[in-house]
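Welcome! Here is a short tour of a structure that may be new to you. Have a look at it first, and then follow the points below.

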There are 2 protein chains.
Amino acid sequence: MKEIRIFTPASVANVSCGFDVLGFCLAPVGDEMVIRMTDKQGVKITKIEGQDLPLDVKRNVAGVAAQAMLAKHPANCGFEIEIYKKIKAGSGIGSSAASAAGAVFGINELLGKPYNTHDLIQFAMEGESVASGSAHADNVAPVLLGGFTLVRSINPVDVIKLPSPSELMAVVLHPKIELKTMHAREILKNNVTLKKAITQWGNLAAFISALYTEDYGLMSRSLVDEIVEPMRSLLIPEFETIKKAVLNAGALGFGISGSGPSVYALAKGVDTSNNIAEAMKSKIEQLGIDFEIHVSAINNQGIKIISD
Amino acid sequence: MKEIRIFTPASVANVSCGFDVLGFCLAPVGDEMVIRMTDKQGVKITKIEGQDLPLDVKRNVAGVAAQAMLAKHPANCGFEIEIYKKIKAGSGIGSSAASAAGAVFGINELLGKPYNTHDLIQFAMEGESVASGSAHADNVAPVLLGGFTLVRSINPVDVIKLPSPSELMAVVLHPKIELKTMHAREILKNNVTLKKAITQWGNLAAFISALYTEDYGLMSRSLVDEIVEPMRSLLIPEFETIKKAVLNAGALGFGISGSGPSVYALAKGVDTSNNIAEAMKSKIEQLGIDFEIHVSAINNQGIKIISD
């Protein structure tokens, strides 16, 4: 029986000035999944460990993504999916995206790669829509492509893989509080001033340039979000205190990961990243909130095969 | 008597998705200026040919820019400025920016370069503010630095020079109608929807990436302006007709230069650019409007010395 075991990583979306378009892939945090080819057509989720999630393929992002793919590319076999969750649901680092991307990546491998990795984004997005209520590629794109990704358009899907400067690292703090994506969406205003929008796109354009030129100073100056962060940060305890401590510890920038509650810093080099992790730890411990901290390289490969 | 003769080129600002931040420098169109060092302190504009503009240094962008620079860097000599205008005032291809940038560039050269080219942007901006009512660097940045420039911030000035793909060309059509910048500003709304703003910054980010990777297809897909063009294009006769013809002729994108009335196309290669120029000519002749068309490489050098 043909099967594949994969590592499907966590990711950070809504990177400051790149709200709704810019994300990147993390290295040390991720789920494992086993995808197995079976004789009987159809998709079955046979096991989920580490999280209380539905086995029903219609209600599970991995199942929905897998079925979306097989609807476009019918196979005369079936697939069983086992999910070993390490990424906490609702943490804001792409838990559902990891499952959705993992399912389509694994099935595509077992089928002999009828699709390229870009093509898979569309199917994974359909899985994502079960979790968040709308199709978006902010997390599935970096999981599938690795590195930094820019979602220019989702209809049609137009995603660009951007370079990852060699010394760039991320530090992610997950304060274990509940914060629903839906609520984080409601807090957004439908309109923004043209002035702020111009500031935002100037910053995003500069950040993209800085990724190509490895200009860490410019990355830092442009990692600013004047539009979404001022509102969403209100939902995260002591956001400004933690931000100040993290920037003092040498971070290039700090912001909300996805729609929170996780927050992330970008930094140059391992030492600075460890200092930032210490600063986060010290602040969050004072609040008495359970937490996890991940110090991570930018994962330029994305999802990968562990064994087949 | 020390003097310098320079060529100070026209430029295109508000490049589609890069409204207020992205501009580029043109090659064949530009003014000439002579800057002369004199014994007597102060700035004098001694001659203007080709355009009816004030000789009064306080009311002329070149004079204001020159004085802004000398206020920061006092010199125990003076300067005479001669301006030979080729760029039509009010054409939307940076006529005032060429004069402002030319004045500070020339004086800086004669003083032995106390400032680098980036530093000069600030002074040239002060000249620009006389013409448009507010300080902006959209045109002076590409004139001084050459190529494509991104104005991330004007306070403090933070301008990034972007790469110019080797085969990229511009075709500019100047329909000789009067259209005041002030009026073009009034037509803008103060607020935009978050949805459109996201589309815009996704497109701009993709265009920046495409400049680095020389991905002409991506340039074309991302040269879209959903925010400003729909309003300002109403002020330009038959904008949509010309746009359609230009895109049919193979343009990567088409938009308003600055605040109009000039419009520009970007294209790959000389042949396509000439076809685009023909398409523009055919449409504008039907309207019976006087016009000029410039087919131009992206001028990666910017302002230059002709003789000293």
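Just after helix α3 of chain A, A:G133 takes a positive phi of about 90°. Please keep in mind that this is a predicted model. The points below start with the helix that comes before A:G133, then turn to a sheet and to the contact between two chains.

**Helix α3 of chain A**

- Helix α3(A) covers residues 117–132. Its 16 residues, at 1.5 Å a residue, should span 22 Å, and this agrees with the end C-alpha atoms, which are 22 Å apart. The expected span is 1.5 Å times one less than the number of residues.
- You will also find a kink of about 25° in α3(A), with A:E126 at its centre.
- A:E126 is one of the buried residues of the helix. The others in α3(A) are A:L120, A:I121, A:Q122, A:F123, A:A124, A:M125, A:G127, A:E128 and A:A131.
- What lies over these buried residues? The cover includes the chain A helices α1 (61–72), α2 (95–110) and α4 (140–145), along with the chain A strands β5 (148–154) and β6 (157–162).

**A four-stranded sheet in chain A**

- Four strands of chain A form an open sheet with antiparallel pairing, in the order β9-β10-β7-β11.
- The edges belong to β9 (253–256) and β11 (291–297) of chain A; each has a single partner strand, so one side of each is left without a neighbour in the sheet.
- From one strand to the next, the twist averages 20°.
- Six bridges link β7 (residues 168–175) and β10 (residues 263–268) of chain A, which pair in the antiparallel sense. As one example, A:M169 has A:A267 of β10(A) as its bridge partner.
- Helix α10 of chain A (residues 270–287) packs on this sheet and touches β7, β10 and β11 of chain A. The direction of α10(A) makes about 15° with that of β7(A).

**Where chains A and B meet**

- Chain A and chain B each bring 33 residues to the contact.
- On the side of chain B that touches chain A, the elements giving two or more residues are β5 (148–154), β6 (157–162), β8 (191–193), α6 (194–213) and α7 (216–222) of chain B.
- The largest share of that side, 13 residues, comes from α6(B).
- By type, the residues of chain B on this side divide into 18 nonpolar, ten polar and five charged.
- Strand β8 (residues 191–193) of chain A runs antiparallel to β8(B), and three bridges join the two. Here A:T193 has B:N191 as its bridge partner.

Conventions: Residues numbered from 1 in each chain as written. Chains lettered and ligands numbered in written order. Predicted model: local features only at pLDDT ≥ 70, side-chain atom pairs only at ≥ 80, totals over all residues. Pairing = 2+ DSSP bridges. Axes fitted to C-alpha atoms, helices over the stretch in contact; angles between N-to-C directions. Contact = placed C-beta atoms within 7 Å. Nonpolar A, V, L, I, M, F, W, Y, C, P; charged D, E, K, R; others polar. Bend = angle between axes of the 7 residues up to and from the residue. Buried ≥ 20, exposed ≤ 12 C-beta atoms within 10 Å, placed from the backbone.
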